[in-house]
Amino acid sequence: MKPPGSGFVSSIMSHNPTVDPIANPRHFPMFVSATMFRLLRVSAALLLPPWLVACTSKPKVAQATQPSTTASSPMPTTNTPPTTPSRPPPLTPDEQRIIVGKGTEPPFSGKYVNHKADGTYACRRCGSPLFNSDAKFDSRSGWPSFDDALPGAVKEVEDADGMRTEIVCAHCGAHLGHVFRNEGFTAKNTRHCVNSASLSFSAERASERTTAAKQSGVAYFAGGCFWGVEYYFEKLPGVIEATSGYMGGHREHPTYEEVSSKRTGHAETVKVSYDSSRVTYRDLAKLFFEIHDPTQAGRQGPDVGSQYRSAVFVSSEAERKIVEDLIAKLKARGFAVVTEVHQAGRFWNAESYHQDYYGKTGKQPYCHARVERFGT
Ligand SMILES: [Zn+2]
């Protein structure tokens, strides 16, 4: 994970205030304490009109149920939203303000807050399907709330405020809103708090969406530094999205620093969302065994530590059989494979600066290269 030979240096740098957080984002210390965060939130709530503190925390029902009457740009309210045309029309100035300017519509003003029809919510700007109506629930926050997104449809990025996690359309980058976790609303414990203005609804797409959902799969691989693993999976045709994160540990919301301390048990893991009509789980697993060295225990290349161990987290017996079959094939070819196979647990997204690291920096992976290991 770390640049070669920098393990010791980086542990010093992470406490060195002179390190430039932009140039060295992974060494940037988390200096906003929980207390500061609460104070900021309270002061924001006291000083700012409601739509400026939108999508902050789990809403207090009594406070949040009053729509703003002082909104500068109130959104139209209707119970019969139009269906999505094949090519979305140009954005209105209000939509522009929210989707491009990362604005927030006033609570209870959007057309999809109380919308309950069965179908698909797509990106208002590019038309990409984002949320299934099955995932919509009533959070009483004043904004449409979804406890899950379609695979690979939504990207999470650190909000400019440094506190919240912004969600954007993975296809076009349109601002959607924010995501909150552990509020206890539904079993998935996740709330995608989305502006109605960022969405368009289509009842007609429901059947297509169901088909698409059936064709999509998710796989989890740990093979050393997740930057390199993500890099190679992103390039594989049929992969919708690869996301860096953590799995296999025992602490909730692990941070990169905690995982690096080796005390949480997590492995740097890549979540691969894929279109199973274009690429199979077996193809993914084969690629996994060829882009990292599965014979290295407790390390990968220059990266040493249990967080860099080789592991596959399977979600079904079928996946387990495929992985075990590939391991047997490699062993028959003389590779002393040490890859662990475990039942998939909860996946935690890594910090936004770890996502698409090589794509953003233009650098090449130092820790991974594709090596043919299965023969013809
Ligand atoms: Zn979009």
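## A tour from K262 to the three-stranded sheet

K262 is partly exposed, because 14 other C-beta atoms lie within 10 Å, between the limits of 12 or fewer for exposed and 20 or more for buried. The model on screen is predicted, and K262 is the place to start. Select the loop between helix 7 (256-260) and strand 12 to find this residue. Check its backbone next: K262 has a positive phi of about 70° although it is not a glycine. Most residues other than glycine have a negative phi.

**Next stop: D356.** Go to the loop between strand 17 and helix 10, where D356 sits. Its phi is also positive, near 50°, in a residue other than glycine. D356 counts as partly exposed because it has 18 C-beta neighbours inside 10 Å.

**Into strand 17.** Now select residues 348-349, which make up strand 17 and include N349. How many C-beta neighbours does N349 have inside 10 Å? There are 18, so N349 counts as partly exposed. Show its contacts beyond four places in sequence: N349 touches E156, T243 and G245. Draw a distance from the C-alpha of N349 to that of T243; the two are 7.1 Å apart in space, with their positions 106 residues apart in sequence.

**Helix 6.** Select residues 226-235. Is this helix mostly covered or mostly uncovered? Helix 6 is mostly covered, with eight of its ten residues buried. Colour the buried ones: F226, W227, G228, V229, E230, Y231, Y232 and F233. To see what they pack against, add strand 10 (216-223), strand 11 (239-247) and strand 12 (267-275). Then add two helices that also pack against the buried residues of helix 6, namely helix 8 (281-291) and helix 10 (357-361). Helix 10 also marks one end of the loop that holds D356.

**Last stop: an open sheet.** Select strands 1, 2 and 9. These three strands form an open sheet in the order 2-1-9, with antiparallel pairing. Which strands stand at the edges? They are strand 2 (129-132) and strand 9 (199-202); each has a single partner strand, so one side of each is left without a neighbour in the sheet. From one strand to the next, the twist averages 35°.

Zoom in on strand 1 (residues 120-123) and strand 2, which pair in the antiparallel sense over three bridges. Label Y121 and F131 to finish: F131, in strand 2, is the bridge partner of Y121. Strands of a sheet pair through backbone hydrogen bonds.

How values were computed
Residues numbered from 1 in each chain as written. Predicted model: local features only at pLDDT ≥ 70, side-chain atom pairs only at ≥ 80, totals over all residues. Helix = DSSP H or I, 4+ residues; strand = E, 2+ residues; numbered from the N terminus. Contact = placed C-beta atoms within 7 Å. Pairing = 2+ DSSP bridges. Axes fitted to C-alpha atoms, helices over the stretch in contact; angles between N-to-C directions.
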